[in-house]
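Here is a short guided report to read alongside the sequence and the 3D view. It begins at the ligand and then visits a few spots elsewhere in the chain.

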Amino acid sequence: MCGIVGAIAEKNIVPVLIDGLLCLEYRGYDSAGLVISNKGLQRIRTTGRVAELAKKVTEHHTNGFAGIAHTRWATHGEPSERNAHPHISGHESRIAVVHNGIIENHEAMRKRLQAEGYQFESETDTEVIVHLIASNLKKTDSLLKAVSMSIAELQGAYAIAVMEEIHPERIVVARNGAPLLLGLGEDGNYAASDASALLKKTRDMIYLEDGDLAELYKDQYQIYQSKEGNLGQAITRPIHHSDLTSDDIDMGPYDHFMQKEIFEQPSAVANTLEMVFNAQSVSPGLFGSAAESIFEQTNGLLILACGTSYHAGLVARYWLETFAGIPCIVEIASEYRYRDPVADAHTLVVGISQSGETADTLAAMNYAKELGHLHSLSICNVAESALIRQTDLRFLTRAGPEIGVASTKAFTTQLASLLLLTIVLAKMRNRLSVEHEAKMIAALRHLPAALQSTLQIEPEAQEWSQQFSEKRHALFLGRGVHYPIAMEGALKLKEISYVHAEAYASGELKHGPLALVDSEMPVVAIAPNDQLLSKLKSNLQEVRARGGELYVFADADTQIEESDNLHVIRLAEHAGILSPILHTIPLQLLAYHVALVKGTDVDKPRNLAKAVTVE
Ligand code: G6P
């Protein structure tokens, strides 16, 4: 979802902006643009890909020492050149703005600014920001102050970067509710929505906080906290040396990031579980220094998340209730934030998010706090994200950057982390013997190797992909802890191959979806050799009896034989508690290969974004 890059340096920064935008492509976008200061503000915009923008930039011989650039994911107004950022205002001293987020009071602001004589060229909410700054700049001679006054009038979420024609020596940036960081380089200073955009220039980053404003020059920078339009004293924020390298966001020998990320899962899970590999037991301290005392007071869990992260929460509910005997509710964050739930102070709120910047998850976590929940925990893949910073406890999944929009390694590392949480809580509630804990830890140690061997089924999943690519719909079935895995499999297929897929708890088949079953509706079943297998087999018979074609992912010891209209891919023998994690792999591979056959944009599926930083 929208990405921002800003650069001010001693040499031409156009390549930095274009490289940065290319690195942010994974977030999802539908148009792109930049403004460069070179004898005035030069603006170039395009619909479509950053490569198209780069071509235009080359044709125009655009260069300069300062600039701001943007990838836009349309919210207000269609994807078009007119709506693409940067937006420009002013006559004598023109101002340019790029923006990530949503301005909620844009309609009222638009009317007010139109009454002041400003003419709007786009349908975007962003254009009110640039006119507002231009309007405020008439009351002060400082761009920084004008930005500070303007953001006090804006409601909603934003990260912005601003340039002024007559002062090309500086860029002003501000954030509230949308990610933004500064990059401190040897030959200049930079700003971006995430670290990946700047790694070729610097690994020294400052993560801005909500309410922060910063002024960047090529050789210095200054940060302020703005309150109600007043700039306070200059403040300092810590400089983080990023561990990421530009190789981390390189595709290497793979054709797609999603393929790379599927195959990275053994190492991503191994990194995430590193601290337990040499341990005989796990301690609450893994989740933060206050975890033990908070967990002692915890009498239930409320998990809030979106998309794939929500599915991880659903799996965890089965584990937490079965092994730790602790009540667990899992809710879609965008639903929770707008209803009137009954809060229990000692129900621990758990936010699960790959990016840690999903607007609905952040808002839902804040809402839970307002309602009286005392404590919170985040499970997240980005160390400096808003989610990690706002919770009392945290666990960092160490999957490394996930670039493909469809989440893969983030999901399996979330599941591994949630299994650790289950072990810790089960122990604290006296539900886990020393032997049982040792067995669970041994299972976790085996997980990377088990994932590695599960990946071997790729050629078989590839064989099935042709048949799925010819269908318009598919049904995914699972039972128990594998029902959310069926949901995740259906989500993967629809996200990247655009085949409509629905998941059902297979016991629900005869309450509706059975009516859809015919030879045109492939039915995928997740069939581990667990205590629900016999129930699942009966459900599969119901499908066969209606002429449905079954595609079954079974364990080696599941007694299901291939026959006409019944295809089976076998994993290893039943993996017990690890089974849902391992059964995820073939579903990811199936979706990936169906997308390849259909020729869709695997890493950047249409209309979707990686980090959904707006509602
Ligand atoms: C988007 C992504 C999904 C992701 C969801 C939640 O929809 O495309 O892959 O699962 O957001 O994101 P989060 O970063 O909070 O896990």
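## Around the ligand

With 3 residues, helix 10 (residues 307-324) gives the most to the shell around the ligand. Please keep in mind that this is a predicted model. In that model, 13 residues surround the ligand, and the closest are Ser309, Ser353, Gln354, Ser355 and Thr358. Sorted by class, the shell holds 4 nonpolar, 8 polar and 1 charged residues.

Some polar contacts to oxygen atoms of the ligand are worth a look, and the table sets them side by side.

| Residue | Atom on the protein side | Distance to a ligand oxygen atom |
|---|---|---|
| Thr358 | N or O atom in the side chain | 2.5 Å |
| Ala609 | polar backbone atom | 2.9 Å |
| Val405 | backbone N or O atom | 3.0 Å |

Taken alone, the ligand exposes 390 Å², and the protein buries 90% of that area.

## Cysteines without partners

How many disulfides does the structure hold? The count is 0. As background, a disulfide is a covalent bond between the sulfur atoms of two cysteines. Cys328 is in no disulfide, and the nearest cysteine sulfur, that of Cys306, is 16 Å away. A pair would have to lie within 2.5 Å to count as a disulfide. Cys328 counts as buried because its relative accessibility is 6%. Cys380 is in no disulfide either; here the nearest cysteine sulfur, again that of Cys306, is 12 Å away. Cys380 has 0% relative accessibility, so this residue counts as buried.

## A pair of parallel strands

Strand 19 (residues 376-380) and strand 20 run parallel and are joined by 4 bridges. If you would like one bridge to locate in the viewer, take Leu377, whose partner in strand 20 is Leu393.

In a regular strand the side chains alternate between the two faces of the sheet. Which side chains of strand 20 (residues 393-396) are buried, and which are not? Leu393 and Phe395 point to one face and are buried, while Arg394 and Leu396 point to the other face and are not buried. Leu393 therefore appears twice in this picture, as the bridge partner of Leu377 and as a buried residue of strand 20, where buried means under 20% relative accessible area.

## Backbone points to check

Most residues other than glycine have a negative phi, and most peptide bonds are trans. Some places in this chain depart from that pattern, and they are easy to visit one by one.

Start with the peptide bond from His85 to Pro86, which is cis, with omega near -5°. Pro86 sits in the loop between strand 4 (66-72) and strand 5 (87-89).

Next comes Lys39, a residue other than glycine with a positive phi, near 50°. The loop that holds Lys39 runs between strand 2 (31-37) and strand 3 (41-47). Is Lys39 buried or exposed? Its relative accessible area is 84%, so Lys39 is exposed.

Asn430 also has a positive phi, of about 55°, although it is not a glycine. Asn430 is placed in the loop between helix 14 (409-428) and helix 15 (434-454). With a relative accessible area of 71%, Asn430 is exposed.

## One last stop

Glu458 belongs to helix 16 (residues 458-469). Glu458 is buried because its relative accessible area is 17%, and the cut-off for buried is under 20%. Along the chain, Glu458 and Ala84 are 374 residues apart, and their C-alpha atoms are separated by 40 Å.

How values were computed. Residues numbered from 1 in each chain as written. Predicted model: local features only at pLDDT ≥ 70, side-chain atom pairs only at ≥ 80, totals over all residues. Heavy atoms only, no water. Buried < 20%, exposed > 50% of the residue type's maximum accessible area, 1.4 Å probe, protein only. Near = heavy atom within 4 Å. Polar contact = N/O pair within 3.5 Å; in protein donor to acceptor, adjacent residues only side chain to side chain. Areas by Shrake-Rupley, 256 points an atom, 1.4 Å probe, with all protein chains shown as cover. Helix = DSSP H or I, 4+ residues; strand = E, 2+ residues; numbered from the N terminus. Nonpolar A, V, L, I, M, F, W, Y, C, P; charged D, E, K, R; others polar. Pairing = 2+ DSSP bridges.
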